[in-house]
Structure formats: structure tokens, C-alpha cells
Amino acid sequence: FSFFDSPENRTGVENTDSSDSDSPEERKRKLAKRIIDIITRLDDLSNKIYHLQQRIEVLERKADIKIN
């Protein structure tokens with residue numbers, strides 16, 4: 001997750017997102033886009049976790065492992 005990186009590790013567009021010359025509307029638009037990007041990434045990770053859980057269940061069934 002790039003939002004966990006420290007400021008000195010960030011590169012590219014992220015450093016220009018908080019430009020002082022942006023209007024409040026532009027800053028809101030950028031924030032909304034960033035939130036949508038984060039939600040999209042979280043949704044993708046959630047789907048990946050779900051698929052991994054399904055694969056683990058298949059492997060458990062094949063190995064006859066019972067977990068309560």
C-alpha cells in the first residue's frame with residue numbers, strides 16, 4: 001500500500017497531489033479519486049483473500065484436515 005509509505009519514499013504524482021495552487025474543488029476531486037482507488041484496491045484484495053480461502057478449503061478436503 002503506497003499510503004503506508006513515508007513521504008520521502010513517495011514518487012511521481014503523489015507528491016504533487018497537495019499542491020498549494022489547487023482550488024478547493026480540485027483538491028476534493030483528487031481526494032475523491034484517491035478514495036475510489038483505495039476502495040478498488042481493497043475490493044481486489046478482498047476478492048483475492050476469498051479465493052485463497054476457497055483454495056485452502058479444497059486443499060483441506062483433499063488432505064482430510066478438519067479445523068473447528
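The following exchange goes through the helix, the salt bridges and the surface of a predicted model.

Colleague: How are the residues numbered, and which pLDDT limits apply?

Modeller: Residues are numbered from 1 along each chain as its sequence is written, and side-chain values use heavy atoms, with hydrogens and water left out. As this is a predicted model, totals for chains, interfaces and linings use all residues, while local features need pLDDT of at least 70 and side-chain atom pairs count only at pLDDT 80 or more.

Colleague: What does the secondary structure of the protein chain come to?

Modeller: Helices (H or I, at least four residues) and strands (E, at least two) are DSSP runs, numbered from the N terminus. On that basis the protein chain has one helix and zero strands.

Colleague: How far apart are the end C-alpha atoms of helix 1, and what span should its residues give?

Modeller: Helix 1 covers residues 24-63, which is 40 residues. The expected span of a helix is 1.5 Å times one less than its number of residues, so helix 1 should span 58 Å. Its end C-alpha atoms agree with this, being apart by 58 Å.

Colleague: Which residue follows helix 1, and what is its phi?

Modeller: The helix ends at residue 63. After helix 1 comes Asp64, with a positive phi near 55°.

Colleague: Where is Asp22, and is Asp22 buried or exposed?

Modeller: Asp22 is in the segment before helix 1. Buried means under 20% relative accessible area, exposed over 50%, and partly exposed in between (1.4 Å probe, protein chains only). Asp22 has 17% relative accessibility, so Asp22 counts as buried.

Colleague: Which side chain meets that of Asp22 in a salt bridge?

Modeller: A salt bridge is a side-chain nitrogen of Lys or Arg within 4 Å of a carboxyl oxygen of Asp or Glu. For Asp22 the N to O distance is 2.8 Å. The partner counts as partly exposed, at 23% relative accessibility. The partner is Lys30.

Colleague: How many salt bridges does the structure hold, and which residue pairs with Glu26?

Modeller: Side chains of opposite charge can pair when their charged atoms come close. The structure holds four salt bridges. In the one made by Glu26, N and O are 2.6 Å apart, and both residues lie in helix 1, three residues apart, about one turn of the helix. Glu26 is partly exposed at 26%, and its partner is Arg29.

Colleague: Which residue forms a salt bridge with Asp37?

Modeller: An α-helix has 3.6 residues a turn, so residues three or four places apart point the same way. Asp37 and its partner are both in helix 1, four residues apart, with closest N and O atoms 3.1 Å apart. Asp37 is partly exposed at 29%, and the partner, partly exposed at 47%, is Lys33.

Colleague: Which residues make the nonpolar surface patch, and what is its area?

Modeller: Patches are made of residues with over 30% relative accessible area and no salt bridge, like charges being joined within 9 Å and nonpolar side chains (Val, Leu, Ile, Met, Phe, Trp, Tyr) within 5 Å. Ile35, in helix 1, is partly exposed at 43%. Together, Leu31, Ile35 and Ile39 make a patch of about 290 Å².

Methods. Accessible areas come from the Shrake-Rupley method with a 1.4 Å probe; for residues, only the protein chains shown count as cover.
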